[in-house]
Number of protein chains: 2
Amino acid sequence: MAKIVECVPNFSEGRDLEKIEKIVEPLRGKEGVKLLNYEADKDYNRLVVTVIGEPGAVKNAVIQSIGVATNLIDMNKHRGQHSRMGATDVVPFIPIKGMSMEEAIQLSRETAKEVWEKYNIPVFLYEKSATKPERENLATIRKGQFEGMSEKLKDPNWKPDFGESKIHPTAGVTAIGARMPLIAYNINLDTTNIEIANKIAKCIRHSSGGLRFVKAGPVEIPEKGIVQVTMNLTDYTKTAMYRAFEMVKMEAKRYGVNVLGSEIVGLVPMEALADTAAYYLGLENFNMDKILESGLME
Amino acid sequence: MAKIVECVPNFSEGRDLEKIEKIVEPLRGKEGVKLLNYEADKDYNRLVVTVIGEPGAVKNAVIQSIGVATNLIDMNKHRGQHSRMGATDVVPFIPIKGMSMEEAIQLSRETAKEVWEKYNIPVFLYEKSATKPERENLATIRKGQFEGMSEKLKDPNWKPDFGESKIHPTAGVTAIGARMPLIAYNINLDTTNIEIANKIAKCIRHSSGGLRFVKAGPVEIPEKGIVQVTMNLTDYTKTAMYRAFEMVKMEAKRYGVNVLGSEIVGLVPMEALADTAAYYLGLENFNMDKILESGLME
């Protein structure tokens with residue numbers, strides 16, 4: 001069986017369409033690489049790209065995109081609502097088919113090495129590729145953001161896994177690693193009060209007593225007059241999507257705030273949505289083999 | 001993008017396992033054709049087969065199966081509880097991916113033409129392929145069944161779309177057409193009162209004032225001490241699954257009866273479940289391209 005890896009690089013440019021197209025360009029029309037999706041968010045000022053394909057081909061194409069982003073983005077001028085530390089902020093590799101997590105880790109290490117050698121960007125290995133427990137969590141690595149990274153890297157505990165203890169002057173620092181499929185999931189609240197989103201995020205996230213595979217934080221979306229609880233669901237097979245949604249709804253009631261809806265950023269595995277539908281419809285004897293398309297992918 | 005069609009031929013043999021295997025045989029191990037499922041019903045004396053794959057390959061394989069069924073089944077000797085008019089009773093083609101309904105109709109016409117030319121079986125085009133409104137509904141075409149078909153075909157209104165006005169002496173008549181994927185969906189009610197299921201079925205089905213693409217009726221499940229509203233959702237893109245579910249729940253309240261859950265019989269298209277999840281989560285900007293596996297099937 002062919003090995004298939006997914007890669008979801010996040011770049012710090014969500015507004016300039018010309019630059020966005022140039023960053024995505026190396027991922028188009030390459031043998032063994034399929035560009036599945038790219039989404040630019042103006043508020044976040046961030047671009048999330050999803051490619052899938054043969055591991056070596058995906059690695060090479062993504063490294064080219066990182067090169068373009070390094071040339072086009074100056075982090076000293078970057079403003080946006082999403083935490084970030086580099087022009088290429090984070091590059092996760094996700095084993096999808098015929099590939100072990102170990103192989104995905106190896107691929108992430110090779111990528112990290114090349115990014116340092118080619119572009120002089122220091123790289124932290126994160127998630128399953130982390131070399132120390134405190135580097136598993138991206139938020140811990142990114143704490144201080146671009147503006148604080150120069151200082152942070154002076155701390156011997158924060159010596160990058162590849163490269164020197166000095167940020168790239170315009171492209172900052174990049175995190176690269178292997179991980180499980182992740183769902184980036186945001187829930188919209190009918191309020192402008194960021195403190196409410198913050199309190200709900202605290203209830204729901206693992207780090208402060210919530211659900212085991214949820215990371216969460218508050219975000220303001222002033223143009224829409226709302227706030228969001230922004231989440232990463234890091235293992236939807238154990239912490240279901242609908243459970244996170246219902247729990248946010250439950251907590252929102254406490255503040256008399258309505259949940260307006262939600263959004264998936266990037267891609268979502270079919271199983272996560274099927275499981276959600278099965279929950280709300282109370283489906284008995286349901287499994288993924290009941291989905292017509294399951295038969296197509298064997 | 002590769003085109004994918006589903007085909008669900010129904011054959012009038014549900015008892016003789018040797019014959020059943022011979023009918024299914026041409027659908028096994030063919031390039032571009034995947035046999036998903038086949039189910040023989042003894043009471044119905046009927047075989048329902050589900051295959052999926054590349055349109056041309058599926059068409060050719062199904063035509064071979066029809067040839068085998070034509071040789072093995074003598075309708076003059078056929079007895080069973082399900083209405084039927086031919087050895088190959090009905091052959092629906094369902095566009096699944098990268099394929100328009102128009103293309104599925106074209107495929108059904110090509111199949112019908114070959115079935116007539118190769119096997120001398122007269123064919124009616126039905127559902128979306130119908131050439132007259134009264135030929136859309138299979139039940140209307142099949143009225144009179146095998147035993148009444150010789151007489152029925154003499155009526156100029158019932159001249160077959162392909163072939164002469166004379167049945168095949170042992171294989172009868174076949175209906176071939178394109179249709180939307182159909183979802184067999186049952187909702188369980190916490191009561192033994194069949195009259196309540198009947199009243200709810202009447203509210204929800206198209207024929208008595210309900211939702212446009214719902215057929216519904218009541219069923220007793222005495223072993224479980226419940227009744228069901230049993231439904232066919234004939235176009236889930238227009239009458240969504242969750243809408244049927246919520247409407248049954250709403251009507252059940254009137255009788256103080258709880259909805260216990262629901263079940264899907266057979267297969268369900270991914271889109272129907274994704275749409276259901278999107279409704280309950282209030283997903284904004286959702287479309288099928290957001291599903292990771294969509295990219296794998298192109």
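**Exercise 1. Find the two domains of chain A and describe how they meet.**

Solution. Start with the bounds: chain A splits into domain 1 (4-178) and domain 2 (183-296), where the bounds come from an automatic or database domain assignment. Their C-alpha centres sit 25 Å apart. Next, list who touches whom: domain 1 of chain A puts in eleven residues and domain 2 of chain A twelve, with contact meaning heavy atoms within 4.5 Å.

Before going on, a word on the model: it is predicted, so local features need pLDDT of at least 70 and side-chain atom pairs count only at pLDDT 80 or more, while totals for chains, interfaces and linings use all residues. Residues are numbered from 1 along each chain as its sequence is written, chains are lettered from A and ligands numbered from 1 in the order in which they are written, and side-chain values use heavy atoms, with hydrogens and water left out.

**Exercise 2. Work out what domain 1 and domain 2 of chain A bury between them.**

Solution. First, the area: about 820 Å² is buried between the two domains, 46% of it on carbon and sulfur atoms. (Buried area is the accessible area, 1.4 Å probe, that two parts lose on being put together, summed over both.) Then the residues: on the domain 1 side, Asp43(A), Tyr44(A) and Gln81(A) lose the most area, together 50% of what that side buries.

Now the polar links. The rule finds one salt bridge across this interface, meaning a side-chain nitrogen of Lys or Arg within 4 Å of a carboxyl oxygen of Asp or Glu. Look also at Lys215(A) and Glu127(A), whose side chains form a salt bridge at 3.4 Å, N to O. Finally, strand E3 (residues 33-41) of chain A gives the largest share of the domain 1 side, three residues. (Helices, H or I with at least four residues, and strands, E with at least two, are DSSP runs numbered from the N terminus.)

**Exercise 3. Take apart the contact between chain A and chain B.**

Solution. Begin with the head count: 43 residues come from chain A and 42 from chain B. Together the chains bury about 3,800 Å², and carbon and sulfur atoms give 68% of that. On the chain A side, Met270(A), Leu281(A) and Leu292(A) lose the most area to chain B, together 20% of what that side buries.

Next, look for charge pairs: the count between the chains is one salt bridge. Lys290(B) and Glu39(A) join their side chains in a salt bridge, 3.4 Å from N to O.

Which elements of chain A each supply at least two residues to the side touching chain B? Among them are strand E1 (4-7), strand E8 (183-189), helix H7 (241-253) and helix H8 (270-281). H8(A) gives the largest share, seven residues.

Last step, sort the chain A side by type: 26 residues are nonpolar, eight polar and nine charged. (Ala, Val, Leu, Ile, Met, Phe, Trp, Tyr, Cys and Pro count as nonpolar, Asp, Glu, Lys and Arg as charged, and the others, Gly among them, as polar.)
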